Amino acid sequence: MKAYKKWLAAGITMVSALTLAACSNGGGNNEAKSGLKPSVKMSDYYDNKAKSTSTYNNGTLKVAEYNSSPFVGMTSPSLQTNAEDMDVYAPGSVSLFKTDANNKVVDGGLANLSLDKDKKTATITLRDNAKWSNGSKITAKDVEYPYEIIASKDTTSQQYSDDWQAIDGMAAYHAGKAKTISGITMPDGPKGNKVVIHYNKFAPSLQYGGNSYMWSSIEPYEYIKNVPIAKLGSSAQIRKNPIWAGPYKMSKQVVGESTSWVPNQYYYGKKAQIKHIDIQVVNDSNFVSSLKSKQFDFSANVGISSEYPQISKMNNYKTVGSMGNTISGPQSQYSYLAFNLGHMDTKTQKNVMDPKAKMANLKLRQAMLYALDIGALRKKFNNGLAWYPNSLISPYYKKYYNSKSPRYMFNMKKANQLLDQAGYKKKGKWRVQPDGKSLTINFGATSGTPVSEAQYNYYLQQWRKLGLNAQFAGGRPMDMNKFYAILDKPKQNQFDVFSGGFGTASEPTPTGFYGEGASFNMAHFATKKNTQLLNDMNNDKAWNSKYRAKQFKDWQTYMQNQAAYVPTSMSLNWYPVNKRVKGYDIRPGNNEFWSSLSLTSSKPE
C-alpha cells in the first residue's frame, strides 16, 4: 500500500461572509444539485489524432505541480508522505506489479506475483532484465528492503500498517525484538530474483495492486545499504543523487522547485518517447494564467475546481478526468475534518485515545459538524466537480461503497441541542466546558488560495455562531510543511480540530490511515470496534465477496457516527491537457503513462 497526505484545494472564492442556501438530502439529480454528487462527466483519456514526430519528441514536455509550498524532496517511496513528492518524481517511479482494468495483479510487470492460499504465501519473481538507472541489477533484496525500512523501530517512514502484522515475524521486527523479518525469504539469495512472503493471515486484498498487506515499490539496497535507516531520509543517495527504475531518470533538480528528466536506457518496459520532461512547482493562484500563457502541457496534480469554468473554455486544452484514477494509477483523493483525540505511544507504536482530550466528547464533535452546510459549499463553489461525501470510501469502489451511510446535514438547532445536552453551557459570549472551565478550540489548516481559506473562515464563523470560541491555531492558516510537521508528532496539542487530505491506495482497505498502529492516523482514533471492523475486511471469511463488502459498509457507517474523521470533499481527479500532447491516458490498466506520451508540435499550443 502507498498512502499519502495531500492538501486539497477546496475551490471556493474569497468572500467576506458566506451565505449559503441549505441543502436538501434528496436523491439522483437532487443530490447533484445539492452538492452531494458530481454533475460533470469527463473522458479519462485524450484521443489526439494528430501525428507525433521525432522532431517534436526531441523537445521538452512541460508539466506543472500547482502548490503554494515547495516540495520536500523525498525520493524514496518508503519514506515519502506527501503527494507533491510523488508527483514531481513520478517519471522515474515504477510499480512492482502490472494491474488490469479491475486493478487485479497480472503478469508482465517488473515482477510477477503468485499467491498460494493453502500455504499462505506470496511469491514475487523479478523479470531477468530488471535494472536500475545506473545499470545495476534489481535484486530480491531490493524487494525485501522496503519492509525493513518501513517497519524499523528507527525509521522516519509513516507507511507502516497494522495489516503488515499478518507477515510472519513482522511484529517482532517492528518491536525491535528481531533483527530480520523471518516471514520474508529469498530462496535464491539476496542477489537472486525471487522473494517469498509467508503470512499468518492470508488476505483477499493481496490479489489487487496497492493493497495494505504487501509493498509495491523497491529500494536500491546496494546503493543505500551503508546508510543507517534512521538517517536514510537525509542521505545524499536519497536527496541528491538518487537512482531510478522507471522509464525516466532525473537529470537535474532544484529542491522544492523543479525536477528534470531524460529517458532511462535501462528501463525494462516501453521506451520513453519524449527526450526531456520538466516538472515545475507553480503557485496555485497562477493556475489559470499559466495555462492561458501556454507555459505548461498539463498539471501533475489535480486541477482546482473553482477555476474549471475558465479552463473548460480554453480551445487549446482538453480536460481529462476520473473519479478514481490519476496519472499515478488508481487513486481516490478527499479532504476531511478530524479531531485530536489522543496520541501515538512511541513504545508500543499504537495510537491511544485520551478520555480527557478536549475533543473527546462525541456530542461536541457532532455539533460542530451539524453547524456546517458543507453540501452548499460544494454546490456553490466546486462547479459540479466535487461533492460532500457520506463516507471515507469513494463511490469509485462500487462493490464496497455504502451509499446509505449518514451525512451531517446542516442543522443549527440540533447542533445547539447537542451542546446543551453535553453540558457546554453559555457563560457570557462563549460556551464553557462541562466542568465550567473556559473552552478555546484551535483549528489547524494549511495556507493556500483565497479559495480554500474562505472555507476555513466559514468553519470558524459557524462554530462561533454556536457559541464556541474557535480560532486558527497560530492565528492563521499555515504552510503545508509546517502543518504536517505538527501533525506528525506522536503527541501535539496545537490543533484540536484540523482539515487535511488523503490520497488512497488503489485497493480500498483503509487500515493504513485509520488503524490503531497507523502513523497517518493523526487524530489518534483507536477503538476495539474500529480495529475489529478493519480486521474483518480481510479475514478468512472475507474471501466471500458479499461478506467482505458488508464489513466495508459497516465500517463506513461506524466512522460517520463516531465523527473522529468526517469527509468534507471528494472530487473528480481532473487535469487540463494541452492539445499537442498525444497518448494521455489515465484509464485503469494503463501501466505505462509516461512512456506512452508523445508530442505533436514544438511547444504548447
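This dialogue discusses a helix, several aromatic pairs and two charges over rings in a predicted model.

Reader: How should one judge whether helix α10 is enclosed by the rest of the structure?

Author: One asks how many of its residues are buried, that is, under 20% relative accessible area. Helix α10 covers residues 362-370, and seven of these nine residues are buried, so the helix is largely enclosed by the rest of the structure.

Reader: Which residues of α10 are buried?

Author: They are Leu-364, Arg-365, Gln-366, Ala-367, Met-368, Leu-369 and Tyr-370.

Reader: What is found at the start of α10?

Author: There, Asn-361 places a side-chain oxygen within 2.9 Å of the backbone nitrogen of Lys-363.

Reader: What describes a pair of aromatic rings?

Author: Two quantities are used: the distance of the centres and the angle of the planes. This structure contains 43 aromatic pairs. One of them joins Tyr-160 and Trp-164, with 5.9 Å centre to centre and 75 degrees between the planes, an edge-to-face arrangement.

Reader: Are Tyr-160 and Trp-164 buried or exposed?

Author: Both residues are buried. As a further case, the ring centres of Phe-593 and Trp-594 are 5.2 Å apart and the planes stand at 90 degrees, so this pair is edge-to-face. Phe-593 and Trp-594 are buried as well.

Reader: Which residues do ring pairs link into a cluster?

Author: The cluster includes Tyr-334, Tyr-336, Phe-498, Phe-502 and Trp-555.

Reader: Where does the charged end of Lys-141 sit?

Author: It sits over the ring of Tyr-221, 5.1 Å from the ring centre. Similarly, Arg-407 lies over the face of Tyr-388, at 5.9 Å from the ring centre.

Conventions: Residues numbered from 1 in each chain as written. Predicted model: local features only at pLDDT ≥ 70, side-chain atom pairs only at ≥ 80, totals over all residues. Heavy atoms only, no water. Buried < 20%, exposed > 50% of the residue type's maximum accessible area, 1.4 Å probe, protein only. Helix = DSSP H or I, 4+ residues; strand = E, 2+ residues; numbered from the N terminus. Polar contact = N/O pair within 3.5 Å; in protein donor to acceptor, adjacent residues only side chain to side chain. Phe/Tyr/Trp six-rings, centres within 6.5 Å; stacked < 30°, edge-to-face > 60°. Lys NZ or Arg CZ within 6 Å of the ring centre and 35° of its normal.
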